[in-house]
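This report describes how the chains of the assembly meet and how some of their strands pair. The sequence and the structure come first.

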There are 4 protein chains.
Amino acid sequence: MKEFIFPMRIYIDDTDCYGIVYHANYLKFFERARSEWSEQLDYGLLKQQEQNVFFTICSAKLDYLKPARAHQLVEVVTRIKELRHASLIYDQCLREATTTDTILCRAEIKVACVDKNLRPRKLPKDLIQLLGE
Amino acid sequence: MKEFIFPMRIYIDDTDCYGIVYHANYLKFFERARSEWSEQLDYGLLKQQEQNVFFTICSAKLDYLKPARAHQLVEVVTRIKELRHASLIYDQCLREATTTDTILCRAEIKVACVDKNLRPRKLPKDLIQLLGE
Amino acid sequence: MKEFIFPMRIYIDDTDCYGIVYHANYLKFFERARSEWSEQLDYGLLKQQEQNVFFTICSAKLDYLKPARAHQLVEVVTRIKELRHASLIYDQCLREATTTDTILCRAEIKVACVDKNLRPRKLPKDLIQLLGE
Amino acid sequence: MKEFIFPMRIYIDDTDCYGIVYHANYLKFFERARSEWSEQLDYGLLKQQEQNVFFTICSAKLDYLKPARAHQLVEVVTRIKELRHASLIYDQCLREATTTDTILCRAEIKVACVDKNLRPRKLPKDLIQLLGE
């Protein structure tokens, strides 16, 4: 199955007074990586709006394995775990960019496909092809 | 001139790895105070939407005087500095809740009145009355 | 088992361009509620620092049931699901303040007790008593 | 005078329910650009810690000219406006990546040099050289 690698740096706004990345912010990193993947597949936000395809988060499971710190270079690795009619499950992790064995945080994110009124709808066929190839 | 006092606590998500409130977050505190004031004046977001009245930020000046820290009890003090046809200038500060002489951050925020398409429009008369009384 | 109710309002900074609360921000609400509970129990951040007791998040499971929107009045309900030697599991939900049957988001958050160097340590006995009573 | 260009994309977490970038978040973009510049000059956070050199924000002036939107490609342009003994003033703007004439937000940020206890200290000579060359 395809995977998408999104390199990024941790900045000060990502951290908290314990000197590490604030736990909610990993969800931002994972979302940015999914968004960037959509853009790379030429199925970014503008196309989504044209096609009346939007995504909402149904559920998220996060395991915090090792704290990330300011100015660290990291990567988000994103894979599709499951592709259903109206939803998909992403398997994502944040790892160190230099020591790619070192996983900092792992997540499973379930996303539903909805229309602009937030009502469930099928995933478009062309998107299924792009993601599932 | 009227003033509105908004008590709040600093939480961990407001801080950064220097152990103090991240500088961008003061703008959030000031916006929450302005929003809460609108709600108290019965001119909150729902009424604004009904009346096709929205607000965008034109400019902000911030002076950071003393760092705020996690779990501190603070207050945002909000006053109208100037009330124009299509904009208003707020004078706001964040101070310690117990030692109200201790100002932590001071701001001047200029806000423009716009319609839902972000085009300038006059401030509604009833809102001018509520704010200016 | 005890529960702690934390009333709050959704502000504009909590939302995203879909017009609803950005999914990562629910984790902030849950953390603020846990922090506030600690303060109410007189076991807040300052006492934690004195006692060399800190908390890190091990894992989080979130179910997003109904989107929250700007200016909504909501409540975080927090319960202890499990109290172990060096960790605890919180059961938390965000619900509408007026219609308390309407759950917006549900979470299970596992928190580990650590010292200032982020090394595991036992939960202090007095804290166990305060939380478990 | 030198300038540093930091390319970035706007993501969903940067936006609010008005469909545009939340006004506080521009300060994050400007800080990320300053941080990245320090890293490029080989005077990043780790070196700063070694040298007991830290930076706090004294003041910020922001002009919001045109709203930025989700998934837009933008650039932060950073210049030193003034270099003093113990502080410096940055001139920064956010512009569209494709139409670089289109300035979205402009800022002047005054930063003070402090030690780890947040007490004022002189800017190190080697940093002055790196920034001022």
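## Interface of chain C and chain D

In this predicted model, 9 residues of chain C are in contact with 9 residues of chain D. The two chains bury about 760 Å² between them, and 75% of that area lies on carbon and sulfur atoms. On the side of chain C, the residues that lose the most area to chain D are I12(C), C17(C) and Y22(C), which together account for 56% of what that side buries.

The count of salt bridges between chain C and chain D is 0. Polar contacts are present, with 4 residue pairs counted between chain C and chain D, both residues of a pair being at pLDDT 80 or more. By class, the side of chain C that touches chain D is made up of 5 nonpolar, 2 polar and 2 charged residues.

## Symmetry of chain C and chain D

Chain C is superposed on chain D by a rotation of 180°, with 0.0 Å of shift along the axis and an RMSD of 0.0 Å. The two copies are therefore related as by a two-fold rotation axis. The contact surface follows this relation: 100% of the contact residues of chain C recur in chain D, and the same surface serves both copies.

Which residue of chain C comes closest to the rotation axis? That residue is D16(C), with its C-alpha at 1.9 Å from the axis.

## Interface of chain C and chain A

Chain C also meets chain A, where 24 residues of chain C are in contact with 24 residues of chain A. About 2,100 Å² is buried between chain C and chain A, 65% of it on carbon and sulfur atoms. The rule finds 0 salt bridges across this interface. Polar contacts between chain C and chain A number 6 residue pairs, with both residues at pLDDT 80 or more.

Three elements of chain C each give two or more residues to the side that touches chain A: α1 (25–40), α2 (45–50) and β2 (54–64). The largest share of that side comes from β2(C), with 10 residues. Sorted by class, the side of chain C that touches chain A has 15 nonpolar, 3 polar and 6 charged residues.

## Strand pairing and symmetry across C and A

The strand β2(C) also takes part in pairing between the chains. Strand β2 of chain A (residues 54–64) and β2(C) pair in the antiparallel sense over 5 bridges. Within this pairing, D63(A) stands opposite S59(C) of β2(C).

A rotation of 180° with 0.0 Å of shift along its axis superposes chain C on chain A, with an RMSD of 0.0 Å. In chain C, the C-alpha nearest this axis belongs to K61(C), at 2.2 Å from it. The interface residues of chain C are, to 100%, also interface residues in chain A, so the copies meet through the same surface.

## Salt bridges

Over all chains, the structure holds 40 salt bridges. One of the salt bridges is formed by R9(C) with E36(B), whose closest N and O atoms are 2.8 Å apart. This pair crosses between chains, running from strand β1 (residues 3–9) of chain C, which holds R9(C), to helix α1 (residues 25–40) of chain B, which holds E36(B). Side chains of opposite charge can pair when their charged atoms come close.

## Strands within chain A

In chain A, strand β1 (residues 3–9) pairs with strand β3 (residues 73–83) in the antiparallel sense over 7 bridges. The bridge partner of M8(A) in β3(A) is V74(A).

How many bridges join β3(A) to strand β4 (residues 87–96) of chain A? The two strands run antiparallel and are joined by 9 bridges. In this pairing V74(A) stands opposite E96(A) of β4(A). V74(A) thus has M8(A) as one bridge partner and faces E96(A) in β4(A). The connection from β3(A) to β4(A) is a hairpin through 3 residues.

Notes:
Residues are numbered from 1 along each chain as its sequence is written. Chains are lettered from A and ligands numbered from 1 in the order in which they are written. This is a predicted model: local features need pLDDT of at least 70, side-chain atom pairs count only at pLDDT 80 or more; totals for chains, interfaces and linings use all residues. Side-chain values use heavy atoms; hydrogens and water are left out. Contact means heavy atoms within 4.5 Å. Buried area is the accessible area (1.4 Å probe) that two parts lose on being put together, summed over both. A salt bridge is a side-chain nitrogen of Lys or Arg within 4 Å of a carboxyl oxygen of Asp or Glu. A polar contact is a pair of N or O atoms within 3.5 Å; within protein, one must be able to donate a hydrogen and the other to accept it, and residues adjacent in sequence count only if both atoms are side-chain atoms. Helices (H or I, at least four residues) and strands (E, at least two) are DSSP runs, numbered from the N terminus. Ala, Val, Leu, Ile, Met, Phe, Trp, Tyr, Cys and Pro count as nonpolar, Asp, Glu, Lys and Arg as charged, and the others, Gly among them, as polar. Two strands pair if DSSP finds at least two bridges between them. Copies are superposed by least squares on the C-alpha atoms of residues with pLDDT of at least 70 in both.
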